[in-house]
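Biologist: I have a structure open on my screen and some of the words used for it puzzle me. Could you walk me through them?

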Amino acid sequence: MSLRDRVNPHIRDLAPYEPGKPIEELERELGIEGSIKLASNENPLGPSPRAAAALERAVGELNRYPDGASFVLRRSLSQRLEVRPEQLVFGCGADEVLELLAKTLLSPGDEVVHAWPSFAMYPIVAKGMGARSIQVPLDGALCHDLPAMAEAIGSRTKLVLLCNPNNPTGTSFGAEAFEEFLAAVPDGVVVAVDEAYMEYARRRDWPDALAACQRRPGTIVLRTFSKIYGLAGLRIGYGVADPELAEYLQRARHPFNVNRLAEVAAVAALEDDEHVARTRALNAEGADYLGRELAALGVETWPTDANFLLARTGPAVYQRLLQEGVIVRPLHGFGLEDCIRVTIGLPEENERFVKALRGIREARA
Ligand SMILES: *Cc1c(COP(=O)(O)O)cnc(C)c1O
């Protein structure tokens with residue numbers, strides 16, 4: 001029997017996640033320098049200075065295992081979010097919390113309902129457990145079609161994943177649509193709301209998904225320190241669940257899944273309201289700037305509540321932008337061949353992107 005035959009079929013058939021390449025690797029491949037990366041929705045202002053200072057102080061303690069219960073972070077976050085400490089589950093990125101959900105809930109043949117195009121990890125996490133990923137197309141405005149998602153729930157559905165705002169479109173749904181959706185979901189089906197970018201959202205009727213976790217068993221909100229908090233490199237995210245679901249997820253995790261530096265930095269970043277506010281303001285300005293400039297170029301964009309923009313630039317623009325030293329995210333794997341996703345950067349980065357795009361379009365005209 002070959003190794004191939006021994007590997008679980010659902011792992012053997014898995015197409016791995018394609019991350020945005022590190023800037024250094026792309027520059028080596030293309031033989032260019034001085035490029036900018038607007039591909040992975042990172043905070044262009046960097047980490048909070050408070051987090052950086054806390055990290056320096058913590059380095060001397062690295063011989064010690066982390067606090068497996070994340071006591072300090074748990075206390076701080078539960079006060080801030082006004083949830084009970086036992087509702088929090090921490091992970092090596094929100095990605096790990098997604099995996100804990102999958103490991104806790106899914107067996108081969110089960111179904112996970114999620115929108116498509118949406119976060120590329122959803123089908124991977126489902127298929128990694130031998131479950132089926134049921135992909136419900138976004139509606140005509142590239143928003144979650146929540147009524148269709150409720151319809152798609154069947155007897156094998158264990159988990160529904162909502163992404164708000166949605167990656168890679170930036171579109172969002174509001175409170176009323178969310179409440180109607182929840183009312184239509186059968187008891188016992190776990191509803192996870194992935195709010196990786198919610199701190200950037202500007203729509204006024206943002207759903208109170210945390211409140212839903214307080215009243216509906218089997219509800220969880222996913223959040224992360226990777227995006228607005230600028231700590232993507234440290235890998236820390238969390239879930240806020242109803243206490244019973246949280247307790248099962250705790251059983252599924254490794255005792256030291258969150259490393260010592262990540263916890264220390266997260267505590268400090270959480271207290272740095274100024275860094276968060278600065279990032280939000282910069283992002284809002286950048287979103288408006290890019291929306292205006294792309295409209296002037298005749299490029300369609302979608303309203304965004306996140307730190308990135310979906311833009312219909314026409315096909316093959318990703319490669320052309322690369323040659324100009326501007327790295328964005330191509331979306332061919334999502335059925336959006338003529339679109340790119342661009343992270344909103346510093347003003348000078350946004351300007352460089354617009355200039356490069358203008359040049360490419362003029363050369364084609
Ligand atoms: C970035 C992202 C995450 C999680 O990121 P981590 O770095 O693993 O915390 C989760 N969901 C969506 C939609 C994301 O874009």
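Modeller: Happy to; we will take the terms one by one, and please keep in mind that this is a predicted model.

Biologist: Let's start with two helices. Why is H5 called roughly parallel to H12?

Modeller: Helix H5 (residues 71-81) and helix H12 (residues 260-271) pack at an angle of about 25 degrees, and their axes are 9 Å apart. Angles under 35 degrees count as roughly parallel, so H5 is described as roughly parallel to H12. Their crossing is left-handed.

Biologist: Which residues of H5 and H12 meet there?

Modeller: From H5 come Phe 71, Val 72, Leu 73, Ser 76, Leu 77 and Arg 80, and from H12 come Glu 263, Ala 266, Val 267, Leu 270 and Glu 271. Sorted by character, the residues of this contact are 7 nonpolar, 1 polar and 3 charged.

Biologist: Staying with H12, what makes Ala 262 count as buried?

Modeller: Ala 262, which lies in helix H12, has 0% relative accessibility. Buried means under 20%, so Ala 262 counts as buried. Leaving aside residues up to four places away in sequence, Ala 262 touches Leu 234, Arg 235 and Ile 236.

Biologist: Now helix H11. Why are its buried residues said to line one face of the helix?

Modeller: The buried residues in helix H11 (residues 243-252) are Leu 245, Ala 246, Leu 249 and Ala 252. Looking down the axis of H11, they fall within an arc of 115 degrees, so they line one face. These residues pack against strands S2 (88-91), S6 (190-194), S7 (219-224) and S8 (237-241), and also against helix H6 (94-105).

Biologist: I also see Ser 70 and Ala 316 singled out for phi. What is the sign of phi in these residues?

Modeller: Phi is near 45 degrees in Ser 70, a positive value in a residue other than glycine. Likewise, Ala 316 has a positive phi, near 65 degrees, and is not glycine.

Biologist: How do you know whether each is buried or exposed?

Modeller: Ser 70, in the loop between helix H4 (49-58) and H5, has a relative accessible area of 4%. The limit for buried is under 20%, so Ser 70 is buried. Ala 316 sits in the loop between strand S10 (308-312) and helix H14 (317-323). Its relative accessible area is 53%; exposed means over 50%, so Ala 316 is exposed.

Key:
Residues numbered from 1 in each chain as written. Predicted model: local features only at pLDDT ≥ 70, side-chain atom pairs only at ≥ 80, totals over all residues. Heavy atoms only, no water. Axes fitted to C-alpha atoms, helices over the stretch in contact; angles between N-to-C directions. Helix = DSSP H or I, 4+ residues; strand = E, 2+ residues; numbered from the N terminus. Parallel < 35°, antiparallel > 145°, perpendicular 65-115°, else oblique. Left-handed = near helix turned anticlockwise from the far one by under 90°. Contact = heavy atoms within 4.5 Å. Nonpolar A, V, L, I, M, F, W, Y, C, P; charged D, E, K, R; others polar. Buried < 20%, exposed > 50% of the residue type's maximum accessible area, 1.4 Å probe, protein only. Arc of directions from axis to C-beta.
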